[in-house]
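Reader: I am new to this one and would like to talk it through. Could you show me the sequence and the structure?

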Amino acid sequence: MVTRHQVLVASNRGPVSYSVGEDGSLTAKRGGGGLVSGLSAVKGDAVWVCAALGDGDREAARRTGGALDPADTGGQAVRMLDIPPSVFADAYNGIANSVLWFVHHMLYQTPLEPAFDTAFERQWRSYETYNAAFADALAEEAAEGAAVLVQDYHLTLAPGMLRERRPDLRIGHFSHTPWAPADYFRMLPDDPDGGVAAQVLRGVLGADRAAFLTQRWANAFTECCVRLLGAEVTVSDDGEMVVTHEGRETRIGVHGLGADGDFLRERSRRPDVDERMASLREQIGRAPDGTPRKAVVRVDRTELSKNIVRGLHAYRRLLDERPEWRGRVVHVAFAYPSRQDLAVYRDYTAEVSRVADGINAEYGTADWTPVVLHVKDDFARSLAAYRLADVALVNPIRDGMNLVAKEVPVVSDDGCALVLSREAGAFAELAEDAITVNPYDIGATADALHRALTMDAGERAERTERLASAATALPPTTWFTDQLDALRG
Ligand code: G6P
C-alpha cells in the first residue's frame, strides 16, 4: 500500500541530483537552499515531488520506481518524476525559462522579441503535460486533507489541476520570482484556450493561498487577476488580500525569505573557507602604498536578470572617471554558469568574460588585475569572498529577492557596504542601510561604487550589523512553517 503524506512540496528541481559514472554507478549530490532547510523543520510525514532533470536523475528515478532511496536524500522522502525528455525540455527550457522567466523579469527588451510562433504551441502543450504529471503524482501521494506547497513558475498550472483531482487538499503556491505588471504579462499569447496569461493566473488561483516574496510582486499578481480575469480583490480581517474568481477565494500571502544566519555563520568559519580567503587575498594583492586593495565582490548565477555586464561597465567607468582607484581596487566577480542549454544564456556568459577581459586589457598592469572573474561554482570560495568584501555589488534588473544581498552582511568579517538595485525584492527590507541604484544607470552605479568604497569604517560596520539583522528576520525554517500554518489555518 502507498504511504500517503500530510505535507507535500512540489518543485521542478528537487533536493538531490544524480550523475552516472562510467561503470554505471550513481552518485547523489544533495542541494541546499530555503526549501531544503524549511522542509527539514516539518515534524512528521512529508514528501518532496520533483522532476528528473538529467540522465543521472532519470536513471535514479527508473531504478527506484521514482521513490528515491532515503540514504541519498538525508532521510527525506522524495518522489522523482521521469518526464519524457522532449516534454521536459519544452516545458523547462521552452516555457518556464524562455517565456515565463522572461516575462516576470521583463527581459524582452528588443523590437524582435518575443515572437510567439508554432514552437510555442508545442511547448505550451508540453508545459501542460508536465504540470499534469505533477498534479497526478501529488494526488496519489497526498493523504486526506493534506497540505501541498507548489513552487514557482514551472508549476503554475499544477494547483488548478490538483484541485480538480483532489478538492479535499489545502493547496499553496509560492512564487520565488517577481511577478510581471499586467501590461507586460498580457503579452503572453492569446491562444490556446482563451489565452496563456489567463491560464497561468487561473492555475495559480487553483491554490487556496498564493504567496510571494514581497508585497510588490503580490500586488502585481492581484493587478493581473483584476485586469486580465476580472477577478475581485478584497482585504480579509487579518489584513491579507483575497482574490475572488469564479466563486473561489485565494488568499495572497507575503513571506520574505531571509538568510539562514546560524548555518552561514558556522559554515563560513570552517578551514576550507579560511584557505580560500588566503588565496583570494593573494589574488587581490596590495596597493602601491602597501595597504590591501579594496574588493568589490559580486556572486551570481549567470542569469540574464543579474545584470553582470552592466555591473562590469559601471566598474570600468569608476576606473575611467576616478583614476585614483586604479591599482587600489579589484572587482572579484563570481559568475557561475546556469541554464547553458539556452543559447541566450551561453551568449551572455561569454559576454561577461569578454567585458571582464576587456577591462583587464585596458587597465591592468604587471602587478594589478582589475577584474578577477571566476566561473566555477565553489560555495566555500563564495563565502570567503563574502567575508572579505569591502563592497558587495547586487544590481539585478529584476529579482524575486536576492539572497546574496542578505548573506554578505551576515558573514562579513569587517563590515561591507552594500550597493543594491532598487529592483531586487531584498530592496524592500534592506534599502535603508544599502546604497541603492537604478540597475540600468551605469553612471549612477559607478558613483554608488565610489560612495561604497569611501564609506567610513564605523558607518560601514554599523550598517552591516543592521543589514544582517534585517536579513535574518525570517530564516528558512520560519519562512516555511509560517506558510504551512497559514495554509492549514
Ligand atoms: C532562481 C529563481 C528560482 C528558480 C530557480 C530555478 O534561483 O530565483 O525561482 O526556481 O532559479 O533555477 P534552475 O537552475 O533550476 O533553472
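Reader: How do the residues of the shell around the ligand divide into nonpolar, polar and charged?

Author: Bear in mind that this is a predicted model. The shell holds no nonpolar residues, five polar ones and three charged ones. The residues around the ligand are Asn12, Arg13, Asp152, His176, Thr177, Ser338, Arg339 and Gly400. Asp and Arg count as charged, and Gly is among the polar ones.

Reader: Which domains does the shell around the ligand draw on?

Author: Domain 1 (5-257 + 478-488) and domain 2 (261-471) each supply at least three of its residues.

Reader: Why is strand β7 called largely enclosed by the rest of the structure?

Author: A residue is buried if 20 or more other C-beta atoms lie within 10 Å of its own. Four of the five residues of β7 (residues 170-174) are buried, so the strand is largely enclosed.

Reader: What makes β6 and β7 a pair?

Author: Pairing takes at least two bridges. Strand β6 (residues 142-151) and β7 have five, and they run in the parallel sense. In one of these places, Ala147 has Arg170 of β7 as its bridge partner. From β6 the chain passes through helix α6 (residues 158-165) to β7, in a right-handed β-α-β crossover.

Reader: And how many bridges join β7 to β8?

Author: Three bridges join β7 to strand β8 (residues 209-212), and these two strands run parallel. Phe174 stands opposite Ala211 in β8.

Reader: What pLDDT does the protein chain average?

Author: The average is 96, and 100% of the residues score at least 70. For the complex, the predictor gives an ipTM of 0.96 and a pTM of 0.97.

Methods:
Residues are numbered from 1 along each chain as its sequence is written. This is a predicted model: local features need pLDDT of at least 70, side-chain atom pairs count only at pLDDT 80 or more; totals for chains, interfaces and linings use all residues. A residue is near a molecule or strand if its C-beta atom, placed from the backbone, lies within 6 Å of it. Domain bounds come from an automatic or database domain assignment. A residue is buried if 20 or more other C-beta atoms lie within 10 Å of its own, exposed if 12 or fewer, and partly exposed in between; C-beta atoms are placed from the backbone. A crossover is right-handed if, with the strands pointing away from the viewer, the path from the first strand over the helix to the second runs clockwise. pLDDT is the predictor's confidence in each residue, from 0 to 100.
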